[in-house]
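Here is a relaxed walk through one protein model for someone meeting it for the first time. Have a look at the structure, then read on.

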Amino acid sequence: LSLYSRVYYLGSSTLGDALSGVPTAITDLDDFTNLFGSSDAINLNNIELYLNNLTNGLYFVKVKPAPVATVTISNAAAGTYTVIINGVDTVVTVAANPVPTLQSVINAVKEAINNNTAINTYVEAEILYDNAGVPVYTGAFRIRSKAQNPFTLTATGANITVSAVTVPTVLNYWDYLSTIAQLIKTEAESPLGIIVCPEAFYNLTAVHERNIVGNRLENVARVHKWMAFIDPGKPSNVINSIAAKNDAFGYVASLGHSAYYYPYAADLTDNDVSPSVIAAAYAMQCYQSLGIDKPPAGSDFPLKGISKLRDTLSDGQKNDLAQAKINIITYKSGVGFVPYDTLTRSDDPRFKMISARVILNCLERSIQQSVDVSGILFQSNRARGVFYIKFRAVLENVVGVFYNAGALYGATAEDGYHVRCDESIQDNANLQNGIVKALVYAVPAGTVRQTETVVYPIQIGGIPTALTLG
């Protein structure tokens with residue numbers, strides 16, 4: 001089985017530029033200090049909490065500020081606008097009809113830059129937004145490095161100017177996006193895991209910026225078959241459960257690759273710790289000890305080092321948050337602090353539960369790896385469907401392991417999965433190109449979120465009669 005074994009933690013640090021964008025194992029705080037120096041307070045709090053509960057599985061991914069510059073359109077007029085990036089010209093000619101506006105000129109220049117294949121792998125142009133996520137067309141837009149690398153920028157034209165390319169001292173939301181983009185490109189064969197980015201959600205004050213980061217985390221999770229755990233804005237911004245529902249609204253995961261957690265907790269010295277890291281630390285212990293079919297919630301692994309929650313929720317608030325697909329961190333009497341729900345951001349009932357998504361992720365990765373090492377590739381696809389039989393046997397072996405381990409639901413194997421690979425589902429054009437298709441139907445083990453128990457009061461000696469009557 002391909003098990004979840006890592007937490008990919010994105011954050012800033014004072015050292016370790018050479019490790020920027022590279023997942024690096026951290027087993028204790030000395031490791032972190034030696035490799036990355038110091039970091040934002042929320043990161044230090046989270047890393048200490050995680051390592052106080054388990055010392056394996058944490059992989060820090062340094063986020064480095066990306067060079068950025070501003071392009072200003074001083075007057076929306078017809079004419080030629082030229083932006084030169086790394087010596088490559090992007091030329092935009094604006095016609096007099098229809099009458100140009102700042103919005104139309106900015107969009108034309110921005111799109112031309114992003115569509116220039118000679119430079120669009122290095123930089124990205126984007127319009128500016130206000131705190132409500134509304135585009136601002138006051139004459140300026142930004143150009144930022146997509147991989148934290150420096151770039152040169154000049155412009156020609158009567159109505160266009162550019163600022164100097166600078167490296168900000170504080171991370172902006174696009175810095176997290178740049179690192180996420182690196183992970184998408186470089187970590188295709190990485191172990192499965194959970195990706196978190198608490199610093200972004202804690203420090204970014206604009207909701208739309210947090211939404212962009214969260215949805216991009218979901219994107220990398222979908223690409224690599226990970227899970228993304230998302231935090232609210234910091235407690236002073238997301239002050240209660242109503243605010244949490246509004247904050248979570250913009251996060252979408254149609255196939256269930258992300259989950260949202262609330263509220264923040266406090267450590268033993270009253271520092272904020274992020275709910276995503278609490279949930280991730282619980283999940284890692286859960287998967288290592290009980291298996292991937294165990295939902296990452298409940299009372300099995302109470303978290304050490306937590307003193308209280310920043311928001312104490314009533315039963316009604318907990319139910320309301322569950323309806324909004326928000327997972328809570330709570331205190332269970334006699335147990336401790338634990339995550340106590342397991343909902344993804346998906347509306348699709350097939351992907352509603354984190355455990356279903358994790359099981360499917362592991363199954364897909366296991367099939368991929370098994371095919372790679374089975375010797376099934378680069379064989380002859382000859383007469384009588386011999387190859388189809390071999391391919392189906394490889395897949396059935398993998399899925400059968402999941403069923404026998406309890407990760408699939410069903411009284412019999414036939415109830416839990418079915419593999420189909422035969423001539424009838426093949427496409428001739430694909431066969432000509434060496435592509436053979438198989439269909440795997442799998443029923444992930446279900447998640448129990450609540451139970452219903454009915455108590456019938458029966459008079460003395462009345463149970464046999466009651467059972468007969470049903």
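Pro-98 sits in the loop between β6 (88-94) and α3 (102-114). This is a predicted model, and in it the bond joining Asn-97 and Pro-98 is a cis peptide, with omega at about 0°.

What lies on either side of that loop? Start with β6, which belongs to an open sheet of three strands in the order β6-β5-β9, paired antiparallel. β6 and β9 (153-156) are the edge strands, each with a single partner, so one side of each has no neighbour in the sheet. From one strand to the next, the twist averages 15°. Over on the β9 side, β5 (residues 79-85) pairs with β9 in the antiparallel sense through four bridges. If you want a spot to zoom in on, take Val-83, whose bridge partner in β9 is Ala-155. As for α3, that helix lies across β5 and β6 and runs at about 150° to β6.

A second cis bond turns up further along the chain, from Tyr-262 to Pro-263, with omega near -5°. Pro-263 is in the loop between β13 (258-262) and β14 (265-267).

Now follow β13 to one of its partners. Three bridges join β13 to β17, and the two strands run parallel. Tyr-260 has Ile-326 of β17 as its bridge partner.

How much of strand β17 (residues 326-332) is buried? Five of its seven residues are, so the strand is largely enclosed by the rest of the structure. Here is a handy general point: in a regular strand, side chains alternate between the two faces of the sheet. β17 also pairs with β18 (residues 336-339), this time antiparallel and over four bridges. In that pairing, Thr-330 stands opposite Val-338 in β18. The two strands make a hairpin with three residues between them, and Gly-334 in the turn has a positive phi of about 80°.

Positive phi values also appear in residues other than glycine. Two such cases are Asp-270, with phi of about 65°, and Phe-378, with phi near 60°. Asp-270 is in the loop between β14 and β15 (272-273), while Phe-378 is in the loop between α10 (354-373) and α11 (386-404).

Are these two buried or exposed? Asp-270 has a relative accessibility of 41%, and because that falls between the 20% and 50% cut-offs, Asp-270 counts as partly exposed. Phe-378 comes in at 87%, so Phe-378 is exposed.

Finally, take a look at the surface. Which residues make up a nonpolar patch there? Val-454, Tyr-456, Ile-458, Ile-463 and Leu-467 do, together covering about 590 Å². Ile-463 belongs to helix α14 (residues 463-469), and with a relative accessible area of 51%, Ile-463 is exposed.

To round off, here are three of the residues above, with their accessibility side by side.

| Residue | Relative accessible area | Class |
|---|---|---|
| Asp-270 | 41% | partly exposed |
| Ile-463 | 51% | exposed |
| Phe-378 | 87% | exposed |

Definitions and conventions
Residues are numbered from 1 along each chain as its sequence is written. This is a predicted model: local features need pLDDT of at least 70, side-chain atom pairs count only at pLDDT 80 or more; totals for chains, interfaces and linings use all residues. Side-chain values use heavy atoms; hydrogens and water are left out. Patches are made of residues with over 30% relative accessible area and no salt bridge: like charges are joined within 9 Å, nonpolar side chains (Val, Leu, Ile, Met, Phe, Trp, Tyr) within 5 Å. Accessible areas come from the Shrake-Rupley method with a 1.4 Å probe; for residues, only the protein chains shown count as cover. A salt bridge is a side-chain nitrogen of Lys or Arg within 4 Å of a carboxyl oxygen of Asp or Glu. Buried means under 20% relative accessible area, exposed over 50%, partly exposed in between (1.4 Å probe, protein chains only). Two strands pair if DSSP finds at least two bridges between them. Axes are lines fitted to C-alpha atoms, for helices over the stretch in contact, and angles run from 0 to 180 degrees between N-to-C directions. Contact means heavy atoms within 4.5 Å.
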